[in-house]
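User: Please take a close look at the charged and aromatic side chains here. I would like to know which of them pair up and how much of each is open to the outside.

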Amino acid sequence: MTMNSNTDVATSERPAGLNPTPSDDALPRRFADFATLGDALDYAAQGTKGLNFHDPRGTLTRAYTFTELREDALAMARRLIAAGIKPEDRIALIAETGAEFAALFFGVVYAGAWPVPLPLPTSFGGAQSYIDQLSVQLSSCDPRMLIYPPEIGAMCAEAAKNQNVEGIDWASFAERAAPDTDLPTAQTDDVAYLQYSSGSTRFPHGVVITHAALLSNLAAHSIGMHVGDGDRCVSWLPWYHDMGLVGCFLSIVANQVSTDYLKTEDFARRPLAWLDLISRNPGTTLSYSPTFGYDICARRISSQTKASDRFDLARWRVAGNGADMIRPDVMQAFVDAFGDAGFKASAFLPSYGLAEATLAVSIMPPGEGIRVELVEETQLSGQAGRRDRPQRYRAIVNCGKPARDMKIEIREEDGTPLPERAIGKVWCAGPSLMVGYFRDPDATAACIADGWLDTGDMGYMSDGYIYIVGRAKDMIIVNGRNHWPQDIEWAVEQLPGFKAGDIAAFAITTPGGEETPAVLVQCRSSDEAERVRLRDEIRERVRSVTGMNCVIELIPPRTLPRTSSGKLSRAKARNLYLAGEIKPYDIAA
């Protein structure tokens with residue numbers, strides 16, 4: 001591959017005459033020190049950086065400067081106002097990665113309304129499932145309009161009709177007149193947008209984020225990652241998830257970072273295209289992914305292939321990890337697979353966050369990489385040590401130090417603060433916390449008290465760093481004993497033929513009225529005898545970890561449900577299993 005030393009992107013990989021936005025320009029960098037998001041784009045538009053969109057094979061198809069984004073967004077704002085949109089109206093937007101959504105999002109902001117990014121369809125459900133999901137989220141946010149890509153217009157139009165919401169595809173909306181008009185003046189404490197988490201389906205909660213909260217978090221995580229001259233980002237993360245929307249779209253505007261994008265669905269089909277894009281952009285230094293993104297890339301590279309023959313990852317200095325439990329074994333597998341292509345283990349940057357805190361709660365200082373502590377499982381479950389079986393340990397990943405202006409406390413169930421290295425509920429406080437859940441004061445009061453947010457996660461502090469153990473609601477409690485589903489799932493993954501995402505563990509009530517763990521395992525074998533063998537092997541493996549007999553069910557591949565960002569949804573798996581919608585293989589006792 002021939003690189004052009006005068007540009008940031010290989011000229012052989014783009015159409016003639018199409019140049020990417022530069023990694024650096026003459027505009028002095030500001031770390032999100034603006035009153036509003038609109039002010040941030042106004043400033044970024046004075047430079048020459050921007051967004052760069054690529055096709056499934058990583059070929060540049062559009063270079064979209066911040067200047068063009070601002071011009072298009074102002075036109076969208078005038079169209080919205082001409083349509084009767086008023087400040088604080090909600091505008092639902094299907095968050096497809098591209099110039100259209102970007103312009104609409106900022107157009108809604110300039111118009112004083114609240115953009116509400118909503119997900120694209122996934123491969124984990126059919127058309128009706130997507131229509132139902134959109135309908136529920138539209139009911140929750142009560143928008144004036146739903147604007148969507150023409151390609152999925154039929155599904156979106158039906159969902160909009162279900163909720164008596166005006167629906168229009170963005171190509172048609174862009175054809176409307178944009179008459180000159182005065183735009184409202186936003187204040188820093190005004191609401192900037194509503195964010196739904198990737199699991200927001202049946203009972204969605206719209207997280208209300210102000211301009212002040214957003215910009216505080218954008219400054220904190222960019223300063224925490226030491227963003228500076230020469231930095232450039234590559235991302236495939238969806239813009240309907242907080243890590244993609246906030247970390248890899250709004251942040252790059254507010255902190256003036258040129259970014260190269262693959263669509264999420266293109267990454268799902270060809271994961272290694274992500275690493276190809278990093279390699280073809282020798283200026284790329286920043287890119288984030290949940291653990292499963294690194295996992296799938298490490299699995300896709302052939303053991304017979306020398307990674308250095310295809311990839312150049314030497315300048316990738318921040319390989320962010322977040323959005324799900326960080327697996328040290330997966331991270332090591334990635335280093336093993338791509339170390340000869342220049343990837344450095346010290347580039348890994350674990351972090352912890354959630355939409356209710358805008359995004360980042362903690363960030364690992366750059367260069368420290370993955371650090372783990374081995375914690376005995378009875379400590380993880382909050383119980384006294386047992387002598388009836390050997391001690392077992394889980395590697396807990398260090399998720400960094402509190403982000404700038406963020407405070408973290410570990411508390412008992414009753415709210416009493418816990419000392420160093422004691423496992424409990426993770427609470428956080430800081431200027432980037434949400435105002436609350438949209439039109440849901442009870443849910444807001446249930447997680448916010450005296451300016452502190454109950455994250456719903458369990459963890460502990462050690463020497464100023466936060467270690468996340470798991471979600472409190474995922475804990476399996478049987479006969480007064482606590483078990484983490486991750487421990488059960490990871491134990492099964494160690495057996496040959498299984499991988500991350502194949503297993504879901506949760507508690508159920510047996511016909512006899514007893515609580516017991518159930519373990520659903522995706523099985524690829526069609527041989528009856530082999531299924532019996534696998535079930536028995538899994539049962540023995542789980543018994544060795546939990547000391548109990550569990551319900552083991554083998555199910556067809558691609559059966560376990562995922563959130564819109566691709567993470568396993570244990571809660572939905574449990575509900576579908578109990579409702580009979582997940583049908584296990586019929587295996588002889």
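Analyst: Start with R371 and E368, whose side chains meet in a salt bridge, with 2.7 Å from N to O. This is a predicted model. R371 counts as partly exposed, because its relative accessibility is 35%, and E368 is also partly exposed, at 29%. R371 has an aromatic contact too: its charged end sits over the ring of Y465, 4.8 Å from the centre of that ring.

R411 can be read in the same way. A salt bridge joins R411 to E409, and the closest N and O atoms are 2.9 Å apart. R411 is buried, since its relative accessible area of 12% is under the 20% limit. Its partner E409 is partly exposed, with a relative accessible area of 27%. R411 also lies over the face of W427, at 4.4 Å from the ring centre.

A further salt bridge links the side chains of R535 and D536, at 3.4 Å from N to O. R535 counts as buried at 9% relative accessibility, whereas D536 counts as partly exposed at 32%. Salt bridges can also share partners, and in this way R90, D142 and R439 are joined into one network. The count for the model comes to 25 salt bridges. As a general point, side chains of opposite charge can pair when their charged atoms come close.

Now the rings. Searching the whole structure gives 31 aromatic pairs. One of them is W239 with F249, a stacked pair with 4.4 Å from centre to centre and 20° between the planes. W239 lies in the loop between β9 (233-235) and α8 (242-254), while F249 is in helix α8, so the pair ties together parts that are 10 residues apart in sequence. W239 counts as buried, at 0% relative accessibility, and F249 is buried as well, at 0%.

W274 and W316 form an edge-to-face pair, with 5.5 Å between centres and 80° between the planes. Helix α10 (residues 272-280) holds W274, and W316 lies in the loop between α11 (291-300) and β12 (318-321), so this pair ties together parts that are 42 residues apart in sequence. At 0% relative accessibility, W274 counts as buried; W316 is also buried, at 0%. Both W274 and W316 belong to a cluster linked by ring pairs, whose other members include W236, F267, F292 and Y294. Also in that cluster are F311, F334, F338, F343 and F348.

How values were computed:
Residues are numbered from 1 along each chain as its sequence is written. This is a predicted model: local features need pLDDT of at least 70, side-chain atom pairs count only at pLDDT 80 or more; totals for chains, interfaces and linings use all residues. Side-chain values use heavy atoms; hydrogens and water are left out. A salt bridge is a side-chain nitrogen of Lys or Arg within 4 Å of a carboxyl oxygen of Asp or Glu. Buried means under 20% relative accessible area, exposed over 50%, partly exposed in between (1.4 Å probe, protein chains only). Rings of Phe, Tyr and Trp (its six-membered ring) pair if their centres lie within 6.5 Å; planes under 30 degrees apart count as stacked, over 60 as edge-to-face and the rest as tilted. Helices (H or I, at least four residues) and strands (E, at least two) are DSSP runs, numbered from the N terminus. A charge sits over a ring if NZ of Lys or CZ of Arg is within 6 Å of the ring centre and within 35 degrees of the ring normal.
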